[in-house]
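Please explain how this protein chain is built, from its outer surface to single residues. Running paragraphs would suit a newcomer.

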Amino acid sequence: MRVALGVSGGIAAYKAAELVRLLQDKGLDVQVVMTRHAREFITPLTFAALSGHKVITDMFGEAQGASNVESAIEHIAVAQEIAAFVIAPATANVLAKVAHGIADDFLTTLCLATKAPLIVAPAMNVNMWEHAATQQNLEVLRIRGVRVVNPDEGYLACGMTGAGRLASPQCIAQAVFETLGLRQDLAGETVLVTAGPTEELLDSVRYLSNRSSGKMGYALAEASRRRGARVLLVSGPTPTEPPAGVRLERVRTAEEMAQTVFAHLAEATVVLMAAAVADFRPAEAYPGKIKKQQGAPVVKLEPTLDILAAIARRRRENQLIVGFAAETEHLLTNATAKLHAKRLDLLVANDVSQEGAGFDVDTNIVTLLFPDGRKKALEKMSKLDVASRVLDEVVEIRKQFGRHSREGGNP
Ligand code: PMT
């Protein structure tokens with residue numbers, strides 16, 4: 001399988017050399033593409049030696065005359081051949097060009113010419129990273145389905161400290177493998193995911209619901225499938241396109257969601273509860289349509305079953321349970337209480353009042369809470385990236401389970 005690695009001009013360009021090796025370790029054939037500025041930091045010869053291919057640096061190659069056209073055609077053929085295109089490091093300038101469809105060199109032209117999935121790993125000065133222009137460009141790219149591997153925080157080449165340091169080559173390589181379905185660390189697992197809202201009937205045409213789009217749960221299902229799991233997706237009503245290759249069960253009410261989840265629970269080795277299940281439903285659903293002439297109805301609500309708590313009570317040995325918490329205030333206190341009350345292995349807390357987090361957006365801002373008191377606050381990222389980070393923890397917890405089982409006993 002062939003992939004393209006785009007290298008743009010930043011001090012981190014040298015780290016792309018290690019990325020070539022990591023990609024090759026998985027059997028990928030790497031075609032390196034460099035911008036003019038990248039060549040100020042590292043020579044094409046280094047990448048040619050590592051990749052075994054001539055590095056593409058120009059649209060028209062070095063030769064003159066008719067061969068210019070041949071060279072351009074040959075180069076653009078790369079667009080059809082590659083299974084993924086990863087740009088690492090991606091400068092603020094390259095991100096801006098890609099976000100706006102500017103194609104003024106080979107690297108940016110390839111972004112437009114290929115239908116292969118694009119992965120970008122930004123690296124830059126912290127002020128450039130935080131600049132509204134860069135963040136808006138990243139938002140555009142995420143919405144378009146581009147995978148963004150966020151930079152790390154730390155000491156930067158410019159002497160400043162903060163976010164902007166290129167993510168580790170291992171982390172970037174994992175994003176590529178995941179995109180290509182080559183990361184199979186959930187093979188053998190059956191992952192049950194809940195997603196979307198529930199609708200609780202008031203009468204034959206009206207219902208109580210919430211703004212969940214299902215995007216978070218669908219991202220978990222998609223990421224689990226890509227990593228080799230068998231996926232059962234139980235989804236409330238949503239227009240969001242479900243991922244391919246998963247078994248989808250559509251439900252409407254909290255009651256139906258509970259029944260469907262319980263029906264599949266015995267098969268599931270991992271449960272990820274991202275659905276926004278109604279906590280209350282009308283105690284009685286009026287059989288027809290409530291008429292205006294009847295006056296404003298007084299609706300008595302009754303609690304629904306807490307599916308997650310019920311699952312946690314019935315959990316099988318080695319069944320791993322992850323809950324979500326949608327909060328608008330006291331995020332950590334409320335979410336920690338849910339983690340312990342429901343005896344979960346991991347809780348994903350999102351403050352749904354924050355811009356770019358929670359309901360019906362493509363990104364999320366979450367804190368991962370663990371039973372031993374550890375907390376990991378993740379910055380704003382696409383829901384697919386959040387899903388990937390949650391699954392990284394699932395894989396880690398699974399290793400712990402294995403260790404404890406071998407030592408005799410559950411964690
Ligand atoms: O669907 P999106 O538009 O992408 O939005 C994503 C999301 C905001 C819905 C998602 O990130 C999220 O936070 N999901 C959980 C929403 C929720 O119901 O949170 P909660 O704090 O009320 O519930 C805590 C946990 O209990 C959740 O795992 C929930 O699935 C579960 N629950 C809640 C009520 C109930 N009756 N049964 C349950 O199982």
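About 19000 Å² of the protein chain is exposed, and carbon and sulfur atoms supply 53% of that area. Accessible areas come from the Shrake-Rupley method with a 1.4 Å probe, and for residues only the protein chains shown count as cover. The model is a predicted one, in which local features need pLDDT of at least 70 and side-chain atom pairs count only at pLDDT 80 or more, while totals for chains, interfaces and linings use all residues. Residues are numbered from 1 along each chain as its sequence is written, and side-chain values use heavy atoms, with hydrogens and water left out.

The C-alpha trace of the protein chain spans about 80 × 60 × 40 Å along its principal axes. A compact globule of 411 residues would have a radius of gyration near 22 Å, and the 24 Å of the protein chain agrees with this. The radius is taken over C-alpha atoms, and the globule rule is 2.2 Å times the number of residues to the power 0.38. Of the 411 residues, 52% are buried. Buried means under 20% relative accessible area, exposed means over 50%, and partly exposed lies in between (1.4 Å probe, protein chains only).

The protein chain carries 46 positive and 46 negative side chains, and the centres of the two sets lie 3 Å apart. Lys and Arg count as positive and Asp and Glu as negative, with His and the chain ends not counted; the place of a charge is NZ of Lys, CZ of Arg, CG of Asp or CD of Glu. Among contacts between residues at least 6 apart in sequence, 66% join residues at least 24 apart. A contact here means heavy atoms within 4.5 Å.

The secondary structure comes to 13 helices and 21 strands. These are DSSP runs numbered from the N terminus, with helices (H or I) of at least four residues and strands (E) of at least two. Strands of a sheet pair through backbone hydrogen bonds, either parallel or antiparallel. Two strands are said to pair if DSSP finds at least two bridges between them.

One open sheet has five strands in the order β2-β1-β3-β4-β5, with parallel pairing. Its edge strands are β2 (29-34) and β5 (147-148), each of which pairs on one side only. Strand β1 (residues 2-7) and β2 are joined in the parallel sense over six bridges, and Leu5 has Val32 in β2 as its bridge partner. Five of the six residues of β2 are buried, so this strand is largely enclosed by the rest of the structure. Strand β4 (residues 118-122) pairs with β5 over two bridges, also in the parallel sense, with Ile119 opposite Arg147. Strand β3 (residues 84-90) holds Pro89; the peptide bond from Ala88 to Pro89 is cis, with omega near -5 degrees.

Further along the chain, β16 (residues 320-327) and β17 pair in the parallel sense over six bridges, and Phe324 stands opposite Val348 in β17. Strand β17 (residues 346-351) is largely enclosed by the rest of the structure, because six of its six residues are buried. Leu346, Val348 and Asn350 are buried on one side of β17, and Leu347, Ala349 and Asp351 are buried on the other.

Helix α10 (residues 254-264) has buried residues that include Ala254, Met257, Ala258 and Val261. The buried residues of α10 pack against β8 (190-195), β9 (200-201), β11 (230-235), β12 (247-250) and α11 (307-314).

Some single residues remain. Arg227 lies in the loop between α9 (215-226) and β11 and is buried, with a relative accessible area of 0%. Leaving aside neighbours within four places in sequence, the contacts of Arg227 include Glu178, Asp185, Ser388 and Asp392. Arg398 belongs to helix α13 (residues 383-407). Not counting residues up to four places away in sequence, Arg398 touches Glu189, Thr269, Val270, Asn318 and Leu320.

Asn318 sits in the loop between α11 and β16 and is partly exposed, with a relative accessible area of 29%. Although Asn318 is not a glycine, its phi is positive, at about 70 degrees. Arg343, in the loop between α12 (331-341) and β17, is not a glycine either and has a positive phi of about 50 degrees. Arg343 is exposed, with a relative accessible area of 63%.
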